[in-house]
Each structure stands twice: as C-alpha cells, then as structure tokens.
Amino acid sequence: MVKIRLMTINDWKGVEQVWKDHEGTNPVDDCEEGFTRYLKRNPATSFVAVDGDRIIGTILAGHDGRRGFFHHVVVAPEYRKKGIGEDMVKHAMEALEKEGIQKTALVVFEDNDLGNGFWEHIGFTTRPDLVYRNKYVK
C-alpha cells in the first residue's frame with residue numbers, strides 16, 4: 001500500500017534513484033549537498049510516496065517567503081494514474097499553506113506532454129505572459 005510521508009534528509013538515496021530512473025537530474029543542483037540544503041531550508045513541505053521501503057514518488061516543495069515552488073514531481077511509471085501524484089501535490093500545497101504561501105509555481109518543459117497533462121488535470125494553468133530566459137544554458 002502506497003503512503004505519502006514527509007521527505008527527510010535520510011531519503012536521499014531513494015529520492016536520487018527515482019529521479020535518475022524516471023526523470024533525470026542536474027548534477028549541479030541535484031546532488032546530496034543541494035538536496036540537504038533544500039530540505040534544511042524547507043523542512044516541512046516536501047514529500048515522498050513509499051510502497052513498503054521503496055520510494056516510488058517525490059515532490060520537492062519549498063518557498064521563498066512569497067511563492068511556493070515545486071521541483072521533481074515524479075511517480076514511477078508502474079504507479080502512475082492511481083492518484084499518487086495528486087496526493088503528493090495536495091500534501092505539499094497544504095504544507096505550504098500552513099506557512100502562509102498561497103501561490104505555487106513550477107516549470108514543466110513544453111514537450112513534456114505527460115507532465116503538462118497531469119498539471120492541467122489537477123487545475124494548474126500555464127502563464128504565457130511569463131517567459132523563461134537563461135543565456136547560460138549549454
């Protein structure tokens with residue numbers, strides 16, 4: 001039975017495995033040091049979905065005092081379409097609201113049809129008035 005629980009620093013290896021297997025990682029930010037720093041800054045807002053001892057889903061959620069942000073929202077393929085992603089988002093949104101955060105943002109690649117479909121399904125909308133620019137992309 002899958003359960004959603006608060007993510008802890010001790011979850012690093014399982015979280016890293018989910019990211020590597022099902023989403024991909026950024027070696028600059030998605031390392032143990034960056035993960036630990038993020039959770040220390042946002043200790044009560046990120047969650048994992050677990051089936052027994054196995055982490056099968058993640059939502060890294062935090063805020064800057066004004067806006068919430070979601071990163072690495074991923075569920076292992078064999079567990080998708082069962083409400084797990086939506087449950088993780090619900091937990092994270094409630095945790096952010098407890099910290100006074102009312103708006104949450106995320107970045108989804110335009111060609112990520114599965115991800116975009118998920119976010120639209122649960123009521124998130126695109127903001128075509130916002131443009132992402134990064135002249136340092138390699």
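Contact here means heavy atoms within 4.5 Å. By that criterion, and leaving aside residues up to four places away in sequence, Ile-84 touches Val-2, Ile-4, Ala-49, Ile-56, Val-75 and Tyr-79. The model is predicted. Ile-84 is also among the residues with the most contacts inside the largest nonpolar core, and the points below cover that core, a second one and a helix pair.

**Largest nonpolar core**
- This core has 18 residues.
- Ile-59 and Phe-70 join Ile-84 as the residues with the most contacts inside the core.
- Two or more residues each come from strand S2 (47-51), strand S3 (54-63), strand S4 (68-75) and helix H3 (84-98).
- H3 is the element that gives the most to this core, supplying 6 residues.

**Second core**
- A separate core holds 13 residues.
- Its members include Val-18, Phe-35, Leu-39 and Val-50.

**Packing of H3 and H4**
- Helix H4 covers residues 113-121, and its axis and that of H3 come within 11 Å.
- The two axes cross at roughly 60°; angles of 65 to 115 degrees would count as roughly perpendicular and those under 35 degrees as roughly parallel, and H3 and H4 are therefore oblique to each other.
- The crossing of H3 with H4 is right-handed.
- On the H3 side, the contact is made by Gly-85, Glu-86 and Val-89.
- On the H4 side, Phe-118, Trp-119 and His-121 take part.
- Sorted by class, this contact comprises 3 nonpolar, 2 polar and 1 charged residues.

How values were computed:
Residues numbered from 1 in each chain as written. Predicted model: local features only at pLDDT ≥ 70, side-chain atom pairs only at ≥ 80, totals over all residues. Heavy atoms only, no water. Core = buried A, V, L, I, M, F, W, Y, C linked by side-chain atoms within 4.5 Å. Buried < 20%, exposed > 50% of the residue type's maximum accessible area, 1.4 Å probe, protein only. Helix = DSSP H or I, 4+ residues; strand = E, 2+ residues; numbered from the N terminus. Axes fitted to C-alpha atoms, helices over the stretch in contact; angles between N-to-C directions. Parallel < 35°, antiparallel > 145°, perpendicular 65-115°, else oblique. Left-handed = near helix turned anticlockwise from the far one by under 90°. Nonpolar A, V, L, I, M, F, W, Y, C, P; charged D, E, K, R; others polar.
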